[in-house]
Structures are given as C-alpha cells and as structure tokens.
Amino acid sequence: MSSPGKAGTSPKATSPQAKSPKAASPGGGVNSPENTQEQPLIEAEPDATPDGDEDNSDYDSSGESDMTSLRSSIFDYKYENGRRYHAFRAGQYLLPNDETEQERLDIIHHIFRLSLDGRICFTELENPQSILDIGTGTGMWAIEMGDEFPSAEVIGTDLSPIQSEWVPPNVRFEIDDATNEWMFPKDHFDFIHARTLAGAIQDWPGLLRQCYEHCKPGGAVEIVEGRANFFCDDGTLGEDTQTYKWLMEFRRLSGPLGFDIAPSMPDLLRDAGFEDVQITQKVIPLGTWPKDKRLKEIGRWFKSQFLSMAIEAYSLALFTRAGGWEADQVQVLLAMVRNELRTNKIHLYTYSAFITGTKPATAS
C-alpha cells in the first residue's frame, strides 16, 4: 500500500520475493524489484522533443439473457463533477464508468498486452475450460480470451453494465459484486483473472479466499495491477514542479485506500493458500523519452491516455471526496501537470505488476 510521505520514500513490499521501487524522487536513484524482468535505469533519448497530440471475427449477440443479476437500479448512474459513476454499490469505486473511461480501459488493455509482447495474460495456460475475469470492465480481456480459447467458458463480472452485447458464444457477462459470496461452484475455474481492482477492494483476503475456494486444484490465479505511483531515476522531477505537487497529494490520499496493492499481493496470495507465487513487474514509461524503441511505443500509448483521461479519472473523485479540494482547483492543477509532462522533460515511469499463483493439485 502506498503511504503518504516525502518523496524518496515508498511502500515496502511485504513479500520476500519482491522489493518495491522507491517512489519518485527529485534526485535519487531507484532500486528495482529483485524479480522484475526489466531493470531500469531507463536510458532517455537525448534532447527528447515534446510529444504532440496522438491519435490514438464475427460474433453472435448474447442479448440481455447473458446478463444475470441485472437490476434496473444499476442503470441509475450517478453524475459528479461532469463524470458518470456506477450506481450499483455506489461509492465503492472511485473511478468513473462513462464513455471516456471505457475508452481508457481499452487503451490500458492494449498497454498491458504491449508489456507482455502481445500475450493476453502472463500465465501460460494449457487448454483451460473455465475462466473467470473479476472486474471485467468493458469486457475486452474476456472477449479476447474467448477467441483465444474457443472451447472454454469465459465469465466476466463487474459492477457496471458497460460490456458489449456482441461477444463470442463462449463468453458471458454478469453484473455482480465480487466481494459478496460467490454463487459459482467450488473447485470450478481453471483460471481466475483480476485486473486493476486496487482501490475498489477493501477486503483482499476475503476476495482471495473465494478465488482459492472456486479455483480447481491445480488451477491458476493472476492478479494484475498498474502501480499507483511514479518513479524517477535522473533528477528530472523537481520539487518545484506541479507534477511533484500532484504526485505527493495523490500518494497522500490514495495510500489509505490501498491503490498500490501490488507489493503486498504475493503474501496475500500465499495466505489464501496459493503456492508457486511470483510477482513480475514490467516498466511502463510516461512519455516517449526512453531511447529503447519498445519502451518508447509503450510510453506513447500510456502518456496519451494518462494526460487525456487517466489523470482526471484518478484525481477528480479522490481529491474532492477524500482531500476536500474543489473541482475547479483540481482541474487547474491537472492542467499545469499536463503542460509540464507534454514537454517530455520529466522522465517518469511506473510498473505493471503481474502476480501469479496456483492452487495445490492435492487441495481438497
């Protein structure tokens, strides 16, 4: 969990297998996690230029019959500061669910795939027959898994009914709260996947207990989180910048909400009973400043969605609800941060974290 504090401090990983990188610091270096496959420092492109504005099979319609647990109240969306939020379990999730956020989620899905060299998930699967996607969002991951494994039944659950009705015949979506008791059979799923739920789950041990109970013996679980923090190796983030001000306030407010859960996840999975637990973190630059072409491409996508979508999505409700900011104050700060980051002179990066484990084959 990210804790509030000075730059240069960061949440420590609770797992002996993974050390958390230090938080963004104006001058200090960064220690990367021991089992991260990509090791910064990231070499920056000399005299990187400012980024410009970047443009960013046949299915059967499942219809409403594939949507279980639907109630009319879930469509009574809540509107706040010009953004739309889900009504089902209102207030439980700080991010919006409007069209802008849906577009951002699809871009994030693309970024995760870029970080995995095109793969849909980190776990290597052999002919899974039952797959669960918790917090499916727009459903893109579930849809692509249905295409990848046409003999598997793929179920995606979420609080918001924002998924496409045009899906492969082996995919269905359910509107449900994963923190409630699951109605699925025990020992049922070959693979359980959850992505970017940090900040939405208050009881991770309870959720992972249910993952364990409903996973088949020998089945796998994969928790994927973007690190809710930024890091800087080369002193380009000064304490006098608006970006530094925003980052410190974001860390102060998001820390108690568990936004940066990834370093703690390995121990949480082990406590739930999973074995062979590993965490792998992939570098995600903010911008096209890296010299490496692959990181430059990832950074281009990440920066585009961050400046136009993510920074507002992650800041607006958090700063106004938890920090007491006025909405217009938040927007002024975000505008100044965008202007700074567009120059490509502040070299920030974060990580995508893939935490995997298996249920013992002998589990009863």
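**Figure 1. A salt bridge within helix H6.** In this predicted model, glutamate 297 and arginine 300 sit three residues apart in helix H6 (residues 293-322), so about one helical turn separates them. Their side chains meet in a salt bridge, with N to O at 3.2 Å. Glutamate 297 is partly exposed, at 33% relative accessible area, and arginine 300 is partly exposed too, at 25%.

**Figure 2. A salt-bridge network around Lys186 and Glu213.** Glu181, Lys186, Arg209 and Glu213 are joined into one network by salt bridges that share partners. Here's the pair to look for: the side chains of lysine 186 and glutamate 213 form a salt bridge at 3.8 Å, N to O. Lysine 186 comes from the loop between strand E7 (171-175) and strand E8 (189-195), while glutamate 213 belongs to helix H3 (residues 204-214), so this pair ties together parts 27 residues apart in sequence. Lysine 186 is exposed, with a relative accessible area of 52%; glutamate 213 is partly exposed, at 24%.

**Figure 3. Lysine 291 meets glutamate 43.** Another salt bridge links these two, and their closest N and O atoms are 3.5 Å apart. Lysine 291 counts as partly exposed at 42% relative accessibility, whereas glutamate 43 counts as exposed at 51%. The count of salt bridges comes to 15.

**Figure 4. The buried residues of helix H2 and what they pack against.** Zoom in on helix H2 (residues 140-148) and you'll find Trp141, Ala142, Ile143, Met145 and Gly146 as its buried residues. They pack against helix H1 (99-115) and a set of strands: E4 (130-134), E5 (153-158), E6 (166-167), E7 and E8. For the wider setting, the protein chain has seven helices and 11 strands, and 57% of its 364 residues count as buried. The accessible surface of the chain comes to about 15,300 Å², with 49% of that belonging to carbon and sulfur atoms.

**Figure 5. An edge-to-face pair, Phe230 and Phe306, and the cluster it belongs to.** The rings of phenylalanine 230 and phenylalanine 306 are 5.4 Å apart, centre to centre, with 80 degrees between the planes, which makes the pair edge-to-face. Phenylalanine 230 lies in the loop between strand E9 (215-226) and helix H4 (242-254), and phenylalanine 306 lies in helix H6, so the pair ties together parts 76 residues apart in sequence. Both rings belong to buried residues: phenylalanine 230 is at 6% relative accessibility and phenylalanine 306 at 5%. Pull back a little and the aromatic cluster comes into view, made up of Phe230, Trp246, Phe250, Phe259, Phe302, Phe306 and Tyr314. The structure's count of aromatic pairs is 18.

**Figure 6. Lysine 359 over the ring of tyrosine 212.** This one pairs a lysine with an aromatic side chain. Lysine 359 lies over the face of tyrosine 212, at 4.7 Å from the ring centre.

**Figure 7. Cysteines without a disulfide.** How many disulfides does the structure hold? The count is zero. Take cysteine 215: the nearest cysteine sulfur belongs to cysteine 211 and is 8.1 Å away. A disulfide would need the two sulfur atoms within 2.5 Å, so cysteine 215 is in none. Cysteine 215 is buried, with a relative accessible area of 0%. Cysteine 121 is buried as well, at 8%.

Methods: Residues are numbered from 1 along each chain as its sequence is written. This is a predicted model: local features need pLDDT of at least 70, side-chain atom pairs count only at pLDDT 80 or more; totals for chains, interfaces and linings use all residues. Side-chain values use heavy atoms; hydrogens and water are left out. Helices (H or I, at least four residues) and strands (E, at least two) are DSSP runs, numbered from the N terminus. Buried means under 20% relative accessible area, exposed over 50%, partly exposed in between (1.4 Å probe, protein chains only). Accessible areas come from the Shrake-Rupley method with a 1.4 Å probe; for residues, only the protein chains shown count as cover. A salt bridge is a side-chain nitrogen of Lys or Arg within 4 Å of a carboxyl oxygen of Asp or Glu. Contact means heavy atoms within 4.5 Å. Rings of Phe, Tyr and Trp (its six-membered ring) pair if their centres lie within 6.5 Å; planes under 30 degrees apart count as stacked, over 60 as edge-to-face and the rest as tilted. A charge sits over a ring if NZ of Lys or CZ of Arg is within 6 Å of the ring centre and within 35 degrees of the ring normal.
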